[in-house]
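Here are my notes on this model, set out as numbered points. Have the coordinates open while you read.

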Amino acid sequence: MGAIYTPFEDLLKQSDFVVAMCNLSEETRGIFNKKAFGLMKPSAVFINTSRGGVVNQDDLYDALKSGQIRAAGLDVTVPEPLPKDHKLTTLPNIAIFPHVASAEVSVRILMAEMAANNILNTFNGKPLISPVY
């Protein structure tokens, strides 16, 4: 695919869009903070669809308010959902969406079918559709 390893700080400096899709661990907690936003381009857009805890929301607010970064989109926050009067909700350059994509009925039906088929495959000695190891 032509992918090459890029150190985190270099990635922040070079990217037009920074999309957080990591787990929440001691290593990633608050990784998107004042320092990280300070490395990003003023035209950069930050998107978090992973876990709210990877973002220092006060630092994100400051970066958006000051124009340090262009915009942000959040699918996850701390707490979830954010209170309606949270300072992030006052900014014109942020979009905050509920983290409920899997709550849509058609998605829940597909998830239930996949789970049932995985159970049947297990009992019939067939490979799992989407194993988690």
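1. Let me start with Asn93, which sits in the loop between strand 3 and strand 4. (Helices here are DSSP runs of H or I with at least four residues, strands are E runs with at least two, and both are numbered from the N terminus.) A polar atom of the Asn93 side chain lies 3.1 Å from the backbone oxygen of Leu64. That fits the polar contact rule: a pair of N or O atoms within 3.5 Å where, within protein, one must be able to donate a hydrogen and the other to accept it, and residues adjacent in sequence count only if both atoms are side-chain atoms. Leaving aside neighbours within four places in sequence, Asn93 is in contact (heavy atoms within 4.5 Å) with Leu64, Ile69, Arg70, Ala71 and Ala72.

2. A word on the ground rules. This is a predicted model, with local features needing pLDDT of at least 70 and side-chain atom pairs counted only at pLDDT 80 or more, while totals for chains, interfaces and linings use all residues. Residues are numbered from 1 along each chain as its sequence is written, and side-chain values use heavy atoms, with hydrogens and water left out.

3. Next, Ile94, in strand 4. Is Ile94 buried or exposed? Ile94 counts as buried because its relative accessibility is 14%; the cut-offs are under 20% relative accessible area for buried, over 50% for exposed and partly exposed in between, using a 1.4 Å probe and protein chains only. Not counting residues up to four places away in sequence, Ile94 touches Leu60, Leu64, Ala72, Leu74 and Leu88. Leu128 is another matter: 34 residues from Ile94 in sequence, and 40 Å away in space, C-alpha to C-alpha.

4. Strand 3 (residues 71–74) is covered on both faces, with Ala71 and Gly73 buried on one side and Ala72 and Leu74 buried on the other. Strand 2 (residues 45–48) runs parallel to strand 3 and is joined to it by 4 bridges; DSSP must find at least two bridges for two strands to pair. If you want one pair to look at, Asn48 has Leu74 as its bridge partner in strand 3.

5. Helix 3 (residues 57–66) buries Gln57, Asp59, Leu60, Tyr61, Ala63 and Leu64. What lies over them? The cover includes helix 2 (34–39), strand 2, strand 3 and strand 4. At the N-terminal end, Asn56 acts as the cap, with a side-chain oxygen 3.1 Å from the backbone nitrogen of Asp58. Just after the helix, Gly67 takes a positive phi of about 80°.

6. Val55 lies in the loop between strand 2 and helix 3, and is buried at a relative accessible area of 10%. With neighbours within four places in sequence set aside, Val55 is in contact with Gly30, Phe32, Phe37, Phe46, Asn48 and Leu60. Thr28 is 27 residues from Val55 in sequence, with the C-alpha atoms 8.8 Å apart.

7. Please check the backbone between strand 3 and strand 4 (94–96), since most residues other than glycine have a negative phi, and most peptide bonds are trans. The Val78 to Pro79 peptide bond is cis, with omega near -5°, and so is the bond from Glu80 to Pro81, again with omega near -5°. Pro79 belongs to this loop, as does Pro81.

8. The largest pocket has a volume of about 180 Å³. Of its 14 lining residues, Pro81, Leu82, Ile96, Phe97 and Pro98 are the closest to its centre. By type, the lining splits into 8 nonpolar, 3 polar and 3 charged residues. Nonpolar here covers Ala, Val, Leu, Ile, Met, Phe, Trp, Tyr, Cys and Pro, charged covers Asp, Glu, Lys and Arg, and the others, Gly among them, are polar. A pocket is an open set of points, on a 1 Å grid over the protein atoms alone, where a 1.4 Å probe fits, with protein on both sides within 12 Å along at least five of seven lines; lining residues have an atom within 4 Å of a point. Points are joined across faces, edges and corners, and the volume is the space filled by probe spheres set on them.

9. Finally, Asn118 in helix 4 (residues 105–123). Asn118 counts as buried at 14% relative accessibility, and its side chain reaches the backbone nitrogen of Ile129 at 2.6 Å.
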